[in-house]
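User: Hi! I'm new to this one, so could you walk me through it?
Analyst: Happy to. Let's put it on screen and start with the cysteines.

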Amino acid sequence: VQQQAFALENACDRIYQQDGPAPHRYRLRDRGWQRQITLETTGSQSVVVWNPGLPHTPKMADVPPGGWRDFFCVETCNAGIDVVMLAPGGEHRLSHRLSVQAL
């Protein structure tokens, strides 16, 4: 659980993991927009928070110059130690639900 301010200063790629059965909840308190964003996941033990930063932005056709300062991405996944291995023909489902509330 990260409860300190998150400052986007350059590229980032962080994995946040949860223990125990799903669903898992992640909350982002966005004081700039006076809102709280909640991400509830199933089939997932982790989320990745990433941003390309200045060095990688020119390689991304949909991010304008300097655009990396205006966003970060939160993706539902099973990353790192949470990787899911499937047998041929196997199946695994991930889902997430977003909600937004005013602070």
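**Cysteines, fold and one asparagine**

Analyst: The sulfur of C77 lies 10 Å from the closest cysteine sulfur, which belongs to C73, and that is too far for a bond. A disulfide here is a pair of cysteine sulfur atoms within 2.5 Å. Before we go on: this is a predicted model, where local features need pLDDT of at least 70, side-chain atom pairs count only at pLDDT 80 or more, and totals for chains, interfaces and linings use all residues. Residues are numbered from 1 along each chain as its sequence is written, and side-chain values use heavy atoms, leaving out hydrogens and water.

User: What is a disulfide, chemically?
Analyst: A disulfide is a covalent bond between the sulfur atoms of two cysteines.

User: And which cysteine sulfur is closest to that of C73?
Analyst: That would be the one in C12, at 9.7 Å, again too far for a bond.

User: How many disulfides does the count come to, then?
Analyst: Zero, by this rule.

User: Is C77 buried or exposed?
Analyst: C77 is buried, with a relative accessible area of 14%. C73 is partly exposed at 21%. Buried means under 20% relative accessible area, exposed over 50%, and partly exposed in between, using a 1.4 Å probe and protein chains only.

User: Let's zoom out. What is the secondary structure of the protein?
Analyst: The protein has one helix and six strands, running β-β-β-β-α-β-β from the N terminus. These are DSSP runs numbered from the N terminus: helices are H or I with at least four residues, strands are E with at least two.

User: How many residues does the protein have, and what share is buried?
Analyst: There are 103 residues, and 24% of them count as buried. The C-alpha atoms fill a box of roughly 40 × 35 × 20 Å along the principal axes.

User: Back to details. Where is N78?
Analyst: N78 sits in the loop between β5 (73-77) and β6 (95-102). N78 is buried, with a relative accessible area of 18%.

User: What does N78 touch?
Analyst: Not counting residues up to four places away in sequence, N78 touches G43, S44, Q45, S46, V83, V84, H92 and L94. Contact means heavy atoms within 4.5 Å.

User: Which side chain makes a polar contact with the side chain of N78?
Analyst: That is H92, at 3.4 Å. In addition, the backbone nitrogen of Q45 lies 2.9 Å from a polar atom of the N78 side chain. A polar contact is a pair of N or O atoms within 3.5 Å; within protein, one must be able to donate a hydrogen and the other to accept it, and residues adjacent in sequence count only if both atoms are side-chain atoms.
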